[in-house]
Every structure is written in structure tokens, then in C-alpha cells.
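Me: Please take a close look at the largest pocket and at the residues around it. I am a first-year student, so give the meaning of each term when it comes up.

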Amino acid sequence: MPLRYLHVMVRVLDLEASMAFYALLGLKEVRRSDNAAGRFTLVYLAPPGQEDAALELTFNWDGDPGLPADSRHFGHLAYGVDDIYAMCARLAANGVTINRPPRDGRMAFVRSPDNISIELLQNGSALKPAEPWASMGNTGHW
């Protein structure tokens with residue numbers, strides 16, 4: 001089953017200060033997404049010429065009072081998969097808990113043995129919702 005690295009996500013308390021810091025390291029903004037409904041902004045930064053090795057900064061508009069003390073700075077690793085249902089079935093068959101099932105045919109979350117959150121995203125368009133995933137609830141947190 002092919003797997004493609006997508007990005008690493010970190011939560012930030014001050015988006016402008018964080019962007020200035022990563023700019024000092026040489027990272028450049030490659031894309032940005034503002035989500036008014038969810039009240040957050042995602043900014044993807046990467047070294048020039050390495051746009052496929054992005055760092056995602058997640059900024060919650062209403063603040064994130066647990067930062068920096070709650071260890072939520074590091075969010076997750078993300079990988080693209082060709083068939084999210086097959087990947088989740090394979091993981092589940094090998095004892096991995098699917099924390100956030102791919103109900104939408106697009107996104108799932110699991111945790112590593114070290115409790116690192118791993119996001120799986122369907123390459124291309126979302127698959128049609130299918131059971132058992134469509135009606136499966138969340139387990140734990142991601």
C-alpha cells in the first residue's frame with residue numbers, strides 16, 4: 001500500500017510571531033486556508049524547492065489557552081493513502097485503534113504506540129461513505 005508524506009502540524013499561539021520565527025529558518029509560506037466556520041487558520045510553510053515537505057501551523061482564532069503548557073504544540077503527522085478504507089481495515093486488523101474513523105471517506109486518525117497522532121488522508125477525491133466506517137464513532141482522542 002503506497003504511502004506519501006504530507007506534513008507535520010504544530011499549534012501556535014501567535015501566528016505572526018511563529019511565521020517570523022520560521023522565516024528566520026528559511027521557510028516560506030506555500031499556502032494558507034482560513035476556516036471561518038471552525039474559526040482557525042492553517043498556514044503551510046516549506047523550505048524553497050521542498051514544497052512537498054510542509055510544516056502546517058494551526059492557529060485557533062479564539063486562542064488556545066492550554067498552549068504552551070499542555071503539550072498540544074505538536075499536533076500530528078499526516079500521510080496520503082490511495083484507499084483510506086483499506087488502510088484503516090489493515091491497521092484495525094493488526095490491533096490499531098481507529099480513533100477517528102474515515103466516516104467521510106477522506107480523513108482518519110490513529111495513534112502510534114508512543115501516542116503520536118497520525119492523520120490519514122485519502123489521495124484525490126474522498127471515497128463514498130461506506131460501512132463500517134460511516135456509522136463508527138470516535139474512540140479516545142486524536
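Reply: A polar contact is a pair of N or O atoms within 3.5 Å; within protein, one must be able to donate a hydrogen and the other to accept it, and residues adjacent in sequence count only if both atoms are side-chain atoms. The structure is a predicted model, in which local features need pLDDT of at least 70 and side-chain atom pairs count only at pLDDT 80 or more, while totals for chains, interfaces and linings use all residues. Residues are numbered from 1 along each chain as its sequence is written, and side-chain values use heavy atoms, with hydrogens and water left out.

The largest pocket holds about 530 Å³ of space. Here a pocket is an open set of points on a 1 Å grid over the protein atoms alone, where a 1.4 Å probe fits, with protein on both sides within 12 Å along at least five of seven lines. The points are joined across faces, edges and corners, and the volume is the space filled by probe spheres set on them. The lining (residues with an atom within 4 Å of a point) consists of 24 residues. H7, Y44, E56, H76 and E119 are the ones nearest the centre of the pocket.

Strands are the source of much to look at here. At least two lining residues come from each of β1 (3–12), β3 (40–46), β4 (54–60), β5 (74–81), β7 (107–111) and β8 (117–122). β1 contributes the most to the lining, six residues. Strands (E, at least two residues) and helices (H or I, at least four) are DSSP runs, numbered from the N terminus. By residue type, the lining has eleven nonpolar, five polar and eight charged residues. In this count Ala, Val, Leu, Ile, Met, Phe, Trp, Tyr, Cys and Pro are nonpolar, Asp, Glu, Lys and Arg are charged, and the others, Gly among them, are polar.

Two residues near the centre can be followed as a pair. H7 sits in strand β1, and E56 sits in strand β4. H7 counts as buried because its relative accessibility is 5%, where buried means under 20% relative accessible area, exposed over 50% and partly exposed in between (1.4 Å probe, protein chains only). E56 is also at 5%, so it counts as buried. The side chains of H7 and E56 make a polar contact of 2.8 Å. The side chain of E56 makes another polar contact, of 3.2 Å, with the side chain of Y44.

Contacts in the wider sense (heavy atoms within 4.5 Å) fill in the surroundings. Apart from residues up to four places away in sequence, H7 touches Y44, A54, E56, H76, L77, A78 and E119. With neighbours within four places left aside, E56 is in contact with H7, V8, M9, V10, L42, V43, Y44 and H76. Y44 and H76, two of the residues nearest the pocket centre, are thus on the contact list of H7 and on that of E56. The C-alpha atoms of E56 and N35 are 14 Å apart, with their positions 21 residues apart along the chain.

Strands of the lining also take part in a nonpolar core, which is a set of buried Ala, Val, Leu, Ile, Met, Phe, Trp, Tyr and Cys residues joined through side-chain atoms within 4.5 Å. The largest such core has eleven residues: V81, I84, Y85, M87, C88, I98, A108, V110, I118, L120 and W133. At least two of these come from each of α2 (84–93), β7 and β8, and α2 gives the largest share, four residues. One core member, C88, touches I98, P102, A108, L120 and W133, not counting residues up to four places away in sequence. A second, separate core has ten residues, including L15, L27, V43 and L45.

R100, in strand β6 (residues 98–100), touches one of the members of the largest core, A108. R100 is buried, because its relative accessible area is 11%. Its side chain and that of D104 are joined by a polar contact of 3.4 Å. Beyond neighbours within four places in sequence, the contacts of R100 are M107, A108, F109, N138 and W142.

Between β7 and β8, the loop holds S112, which is partly exposed because its relative accessible area is 22%. In the loop between β2 (28–35) and β3, R39 has a phi near 60°, a positive value in a residue other than glycine. Most residues other than glycine have a negative phi.
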